[in-house]
Amino acid sequence: MSNNTYVAIMAGGIGSRFWPSSRTARPKQFLDILGVGKSLIRLTFERFLALCPAENIFIVTNGIYKDLVKEHLPEISDNQILCEPSRNNTGPCVAYTAFKLHHLNPEANFIIAPSDHIVLKENVFVEALEKALTFTQENDALLTLGIRPSRPDTGYGYINFNQSTVEPPAENDNIGGVHKVIQFTEKPKQDKAKEFLASGDYLWNAGIFIWRTKSILAAFEKHANEIYTILEKGGSAYNTSGEQNFIDQHYPTTPSISVDYAIMEQAENIYTIPTDFGWSDLGTWASLHAEGDKDEYGNVITSGNVMINDVTNTLVRAPEGKLLVLRDIDNFIIVDEGDVLLIYPKSKEQEIKALTAEIREKNGDTFL
């Protein structure tokens, strides 16, 4: 791959749907959620090493997580960690990254992706990104990987794409050609999701974007000028000792908006590659249960010493050194973090994020 290839991993979220394991002080991207001995951010970092060297991988995170990033990724330098002083959504995050990389290398062609997704077919993932990088290197294009939907899921955004190809499919059956995007659609209701699936004209939006810095910065200048104007002023500071001071002062003044709303729903040069690399955004405990290795009774036990009897379709996570004895349980989430024990019906897990607000009201931030 070209020396102009870079990767930016977004790792600033709290992951409140994974409470009580994911806390403000150590959110899910820094946890071994899958029970494989590595954190999600470590797995993501290693996955991208197939595309570029470690020195070309940057991490965008909240400033409070800088030390955690260095703990999990000791290969990277301080200049490779972009510390946001405020959470202003993905629009300013992408713009900041683009400005920094552009001042490092005006020909930079980069991937920006979340730190906490599952990828089961890593060879397909890498091959799809190589195809995407080749296209964006040669074209003024803003490209996103689209996941071929397997069910009418209402938890994902959708990409309506033109069936005609701009570039032909790859030889790998799991990777399609390059297609023009017609429209992005936010999370639909069930009936609409069924229509999307049946039509064959829609893909899941995985939030994995590929573009040259000059292409995405031109899009910000045109479609999200306020963000562009604020961050463009830091030109001489990027990749110097003055960068953090500039960002601390100006970044919080940027509008809080997603890159989807700010750019992808506005620009005309949007493209996608339909693909299937065993993807999950791992947004909830139920998604971890769905993607995890199950025993013969449909249980996913990610850690801990657990004895079960007549337990089915349940996710169990417990600390090492603690014994859990469970009986007559079906379709539950059971997460023991020592100071907090969560036992919740899997069918009602969408309540967990809202539950944290009630916990804060009663207990402050002690358990968050």
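Helices and strands here are DSSP runs, numbered from the N terminus. With that in hand, let us walk through this predicted model, starting at a single loop residue.

Asn299 sits in the loop that links helix 10 (285-291) to strand 12 (300-303). Is Asn299 buried or exposed? Its relative accessibility is 2%, so Asn299 counts as buried. Its side chain reaches the backbone oxygen of Val311 at 2.7 Å. Setting aside neighbours within four places in sequence, the residues in contact with Asn299 include His289, Asp293 and Lys294, as well as Ile308, Val311 and Thr312.

Helix 10 comes up again when we turn to helix 11, which covers residues 352-363. Helix 11 has 12 residues and runs 16 Å from its first C-alpha to its last, close to the 16 Å expected at 1.5 Å a residue. Its buried residues are Ile352, Thr356 and Ile359. Looking down the axis of helix 11, you will find these buried residues within an arc of 65°, so they line one face of the helix. Among the elements covering them are helix 10, strand 16 (332-336) and strand 17 (341-345). On the other side of helix 11, Ala354 and Glu361 are exposed. Just after the helix, Gly364 adopts a positive phi of about 70°.

Finally, a look at the cysteines. The count of disulfides, which need sulfur atoms within 2.5 Å, comes to zero. For Cys52, the nearest cysteine sulfur belongs to Cys93 and is 17 Å away. The sulfur of Cys83 also has Cys93 as its closest partner, but at 12 Å that is too far for a bond. Cys52 is buried, at 5% relative accessibility, and Cys83 is buried too, with a relative accessible area of 6%.

Methods: Residues are numbered from 1 along each chain as its sequence is written. This is a predicted model: local features need pLDDT of at least 70, side-chain atom pairs count only at pLDDT 80 or more; totals for chains, interfaces and linings use all residues. Side-chain values use heavy atoms; hydrogens and water are left out. Helices (H or I, at least four residues) and strands (E, at least two) are DSSP runs, numbered from the N terminus. Buried means under 20% relative accessible area, exposed over 50%, partly exposed in between (1.4 Å probe, protein chains only). A polar contact is a pair of N or O atoms within 3.5 Å; within protein, one must be able to donate a hydrogen and the other to accept it, and residues adjacent in sequence count only if both atoms are side-chain atoms. Contact means heavy atoms within 4.5 Å. The expected span of a helix is 1.5 Å times one less than its number of residues. The arc is that of the directions from the helix axis to the C-beta atoms.
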